[in-house]
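User: Please take a close look at a single part of this structure and explain it in formal terms suited to a first-year student. Please then relate that part to any other site that deserves attention.

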Amino acid sequence: MEVLTPRDVPLGGLRAMTVRRTLPQRQRSLIGAWCFLDHYGPDDVDASQGMVVPPHPHTGLQTVSWLFTGEIEHRDSAGHHATVRPGELNLMTAGRGISHSEYSTPGTTTLHGAQLWLALPDSDRQVEPTFEHFAPEPVTAEGWEARVFIGSLLGSTSPVMTYSPLLGAELTLAGGTTLRVPVDPSYELGVLVDFGSLTLDGKPVAAHELGFLDPGAESIELTTAEETRLLLLGGPPFGEKIVMWWNYIGREHEEVVAYRAEWERLLETGSSDRFELPEDDPLEALHSPPLPNARMVRRGP
Ligand code: MN
């Protein structure tokens with residue numbers, strides 16, 4: 001078991017919300033197709049202004065929004081306008097190209113959740129953009145509760161569409177619980193601790209840390225001394241190297257440079273073969289940052 005610690009990243013602006021990023025890291029780019037993990041809050045929205053992310057593009061990935069507290073308004077260029085609520089999955093497939101905005105709602109005083117990305121396999125990364133919503137029925141037993149939003153765990157299966165085998169679940173354990181969770185031995189696994197702390201197969205993982213396990217085990221053991229909430233993520237090793245820069249995922253430097261140029265063309269001329277803007281968005285779209293001086297490198301297994 002390897003413990004990955006988060007680094008703090010400002011989401012933009014001087015007083016803006018700070019997120020704890022545990023993926024990607026120098027020592028680990030992916031867990032299955034999970035390639036990006038931002039964990040934030042509980043955040044006092046009056047002090048931080050909450051989440052204010054104007055329209056921006058994505059390619060080659062799916063975004064997973066998972067909230068513990070608060071609400072976020074989502075708009076995308078495929079015509080979806082949705083409210084992201086605690087315990088409900090919002091899965092946006094960028095595919096060949098989408099843009100979206102995310103704003104915490106006026107009624108939100110505390111924002112607490114996670115924003116994750118799934119890399120699309122090469123065979124499916126040009127699919128048409130789409131958006132799915134799913135509210136999993138909680139599974140409970142003595143000392144624990146689970147919400148399985150992607151894949152199958154503890155007798156619960158999510159119906160949402162992913163392009164590689166994956167697992168995504170929220171678990172809350174009472175203090176003094178030991179829970180043995182059957183898992184697919186072909187999956188590598190990540191356990192992100194939201195609050196509380198636990199031992200994962202006997203080794204400690206503190207709040208905000210991500211415990212990583214290689215494939216091979218038929219089950220994992222979670223033990224808590226205090227009430228603890230976590231996200232359990234997994235999938236078979238992705239097997240493809242990816243180029244990830246800003247909000248784009250591609251396979252080569254030149255491809256990502258072309259995505260950037262196409263988004264800037266949309267903002268300057270109003271026309272693009274790949275991107276559109278969400279309708280009726282209250283804020284102006286974000287420009288891509290300047291390209292790095294060095295070639296973007298492919299990362300992954
Ligand atoms: Mn986004």
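Analyst:
**An open sheet and a metal site**

Strand β13 pairs with strand β14 (residues 144–150) in the antiparallel sense, and 3 bridges join the two. The model discussed here is predicted. One contact of this pairing can be named: valine 139 has alanine 146, in β14, as its bridge partner. In general, the strands of a sheet pair through backbone hydrogen bonds, and the pairing may be parallel or antiparallel.

These two strands belong to an open sheet of 7 strands, whose order is β1-β22-β19-β24-β17-β14-β13, with antiparallel pairing. The edges are occupied by β1 (2–4) and β13 (139–141); each has a single partner strand, so one side of each is left without a neighbour in the sheet. On average, neighbouring strands of this sheet are turned by 20° against each other, direction ignored.

A second site to examine is the manganese ion. Its protein donors are the NE2 atoms of His56, His58 and His100, which lie 2.1 to 2.2 Å from the ion. Along the chain, these donors follow the spacing H-x1-H-x41-H. Histidine 56 belongs to strand β5 (residues 52–58) and histidine 100 to strand β10 (residues 98–104), so this pair ties together parts that are 44 residues apart in sequence.

The accessibility of two of these donors can also be stated. A residue is called buried when its relative accessible area is under 20%. Histidine 56 counts as buried because its relative accessibility is 5%. Histidine 100, with a relative accessible area of 1%, is likewise buried.

Key:
Residues are numbered from 1 along each chain as its sequence is written. This is a predicted model: local features need pLDDT of at least 70, side-chain atom pairs count only at pLDDT 80 or more; totals for chains, interfaces and linings use all residues. Side-chain values use heavy atoms; hydrogens and water are left out. Donors are N, O and S atoms within 2.8 Å of the metal (3.2 Å for Na, K and Ca); water is not among the atoms, so sites may look incomplete. Helices (H or I, at least four residues) and strands (E, at least two) are DSSP runs, numbered from the N terminus. Buried means under 20% relative accessible area, exposed over 50%, partly exposed in between (1.4 Å probe, protein chains only). Two strands pair if DSSP finds at least two bridges between them. Axes are lines fitted to C-alpha atoms, for helices over the stretch in contact, and angles run from 0 to 180 degrees between N-to-C directions.
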